[in-house]
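Biologist: Could you take me through one part of this protein slowly, as if I were meeting it for the first time? I would like to see how that part fits in with what surrounds it.

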Amino acid sequence: MRHRLGKSSIGAILAAAVLVAPLAVTGTAYADHGGQNEVRKLVEAVKGSNVKKHLRVLDAFAKFTGGTRVDGSRGFELSKDYVAGLLRLAGYKVTVQNFEFQSEEYKTKPTLERVSPNPKVYPFGLDWIPALGSADGTFTAPVQPVDVVIPPGPTPNSSSSGCEAADFAGFTAGNFALIQRGTCNFSVKVANAKAAGAAGVVLFNEGQPGRDEVDLRPDLGGQADIPVVFTSFYEGRDLASTPGATVKIAFSGETEIKTYPSFNVLAETRKGRTDNVVVLGGHLDSVEDGPGINDNGAGVGALLEVALRMATTKPANAVRFAFWGGEEFGLLGAQHYVNSLTEQERANIGLYLNYDMIASPNYIYSIYDGDNSDGVGSGPGPEGSAQIEKDFEAFYTSRKLAFRGTDFDGRSDYGPFIEVGIPSGGLFTGAEQRKTAAEAALFGGTAGMRYDPCYHQGCDDIKNISDTALDVNADAIATLAGLYAFDAAKLDSVHVAGKPHQTAPAATARTARQHEMPAAAAS
């Protein structure tokens with residue numbers, strides 16, 4: 001249901017803001033000693049329960065304005081007004097940086113759903129995508145497995161599902177063929193299915209580690225006259241194990257260009273040296289399909305709480321809190337901001353700390369791998385990033401909590417900062433990937449389940465939060481904010497004030513998480 005935000009609803013939200021706002025003016029004024037005492041007081045002042053209050057407000061903005069806080073929506077505009085309003089009230093120098101962008105999108109959103117038994121909608125882009133060359137239209141038919149191997153074989157290409165005409169012996173014409181990845185090209189599987197009378201094809205990933213999610217887009221090598229989609233192994237297994245499953249596919253490849261207004265909210269302390277600024281940020285927008293409370297209301301709420309508690313302090317280094325627009329379309333707000341800076345303004349940034357998805361329900365505590373000690377992915381961050389990672393590790397170690405590294409893979413707003421050589425770091429509790437058994441042993445939770453089961457979906461609301469992870473990570477954010485703000489010498493160990501940054505050897509690629517398709521592949 002689409003809700004209208006009436007006067008009574010606005011009044012309730014403003015009342016919530018009034019309840020939260022006094023946090024900005026009731027803190028203790030800390031002396032500028034540059035010591036641990038200031039950090040300790042800040043951490044003690046930051047409470048997960050107060051962060052949760054901000055999340056409830058953001059959730060209400062989405063609930064009463066169509067279920068989303070995507071760029072250009074009323075929910076996003078209200079989120080901006082809420083953050084900017086509280087920070088102005090707290091005494092920060094607040095700037096709202098406007099920008100505009102365009103995005104190519106499907107005119108009609110593709111859908112895949114199991115209509116019976118037990119109806120279920122599979123999230124587009126997360127659980128499935130159309131194959132390159134799929135027919136357009138709306139199609140409904142029973143699903144029939146074709147020589148699938150579940151559980152999967154031990155090595156890739158253990159399955160030859162659909163590679164031979166004989167695999168379709170006994171196939172009922174008019175059904176959708178459920179075919180597993182492996183051995184032969186997707187085009188061969190689809191041609192054999194068409195020859196057997198299939199009304200469509202549901203391809204699914206084979207199932208071994210690294211071949212289980214929607215990590216590619218099947219390329220059929222030409223235009224098919226039946227619908228063809230590709231799902232993760234888990235959705236394929238689900239359909240294969242559901243007797244009598246009937247599926248509906250609706251897809252049109254017609255696209256349009258949309259223009260979105262957006263903005264960044266920037267709030268800076270009025271005290272502290274400005275030639276080595278501490279920048280902390282997280283994206284303010286959600287995807288179109290949901291309220292975005294873990295992704296990324298959690299990061300916004302924690303940053304806002306830390307900012308309010310720091311409002312009456314006297315930091316040695318100025319602190320700039322950033323709330324980005326356009327992240328879900330490709331880190332556009334952070335990129336716009338970095339592009340707007342002069343070389344000297346970039347040199348005056350000591351470091352950037354990114355907080356995106358810090359309270360996933362099936363969480364892990366992961367720290368961006370500044371020194372590339374994990375030896376995977378994109379390599380180390382710019383000089384100084386290794387020290388940031390060590391400082392986060394010291395926090396978790398002091399709490400006797402497990403942690404692990406996570407790659408600078410370009411999927412969040414640190415990307416534009418890394419590209420221009422600014423030391424970067426941050427925290428992440430996991431998105432659409434699935435928790436391993438080893439991680440479950442370290443962090444608790446459920447192995448085989450996504451870190452965030454509601455990632456980029458309508459259920460990413462106020463119930464989609466781990467209060468434990470939210471509280472712990474709010475303290476971690478406060479700890480490093482205080483560490484670098486109150487101790488000028490500590491920040492100098494990461495970046496010498498005013499020194500030009502050296503561009504990273506290999507710029508981290510940016511990923512548009514909402515709209516970009518995986519790479520096409522023939523098999």
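Modeller: Here is a walk that begins at one strand and then follows the salt bridges and the cavity. Please keep in mind that this is a predicted model.

Let's begin with strand β6, which covers residues 176-180. Is this strand enclosed or open? Five of its five residues are buried, so β6 is largely enclosed by the rest of the structure. A little background helps here: in a regular strand, side chains alternate between the two faces of the sheet. In β6, Phe176, Leu178 and Gln180 are on one side, while Ala177 and Ile179 are on the other. Every one of these residues is buried, which leaves both faces of the strand covered.

Now look at the partners of β6. Strand β5, residues 137-145, pairs with β6 in the parallel sense, and three bridges connect them. You can find the place by looking for Gln144, which stands opposite Ala177. Strand β7, residues 200-204, also runs parallel to β6, and here five bridges do the joining. Ala177 is a handy landmark again, as it stands opposite Val201 in β7. To get from β6 to β7, the chain passes through helix α5, residues 186-195, and this β-α-β crossover is right-handed.

Helix α5 leads us on to the salt bridges. A search of the whole structure finds 23 of them, and one involves Lys194, whose partner is Asp225. Their closest N and O atoms are 3.1 Å apart. Lys194 sits in helix α5, whereas Asp225 belongs to the loop between β8 and β9, so this pair links distant parts of the chain, 31 residues apart. Lys194 is partly exposed, at 38% relative accessible area, and Asp225 is exposed, at 55%.

Next comes a pair with a longer reach along the sequence. Glu213 and Arg434 form a salt bridge with closest N and O atoms 2.8 Å apart. Glu213 is in the loop between β7 and β8, and Arg434 is in the loop between β17 and α12, so their contact ties together parts that are 221 residues apart in sequence. Why do both count as buried? Glu213 has a relative accessibility of 17%, and Arg434 has 17% as well; the label applies because buried means under 20%. The pair also has company: Asp127, Glu213, Arg434 and Arg450 are linked in a network of salt bridges.

For a pair within one helix, turn to α2, residues 36-45. There, the side chains of Glu44 and Arg40 meet in a salt bridge at 3.0 Å, N to O. The two residues are four apart in the helix, which means that about one helical turn separates them. Glu44 is partly exposed at 43% relative accessibility, and Arg40 is partly exposed at 41%.

Finally, is there any enclosed space? A search of the whole structure finds one cavity of 30 Å³ or more, and about 40 Å³ of space lies in the largest cavity. Its lining is made up of Val287, Gly290, Gly292, Asp295, Glu328, His456, Gln457 and Asp460. Sorted by class, that lining has one nonpolar, four polar and three charged residues.

Conventions: Residues numbered from 1 in each chain as written. Predicted model: local features only at pLDDT ≥ 70, side-chain atom pairs only at ≥ 80, totals over all residues. Heavy atoms only, no water. 1 Å grid on protein atoms, 1.4 Å probe; cavity = no way out; pocket = protein on both sides within 12 Å on 5 of 7 lines; lining within 4 Å. Points joined across faces, edges and corners; volume = space filled by probe spheres on them. Nonpolar A, V, L, I, M, F, W, Y, C, P; charged D, E, K, R; others polar. Buried < 20%, exposed > 50% of the residue type's maximum accessible area, 1.4 Å probe, protein only. Pairing = 2+ DSSP bridges. Right-handed = clockwise from strand over helix to strand, strands pointing away. Salt bridge = Lys/Arg side-chain N within 4 Å of Asp/Glu carboxyl O.
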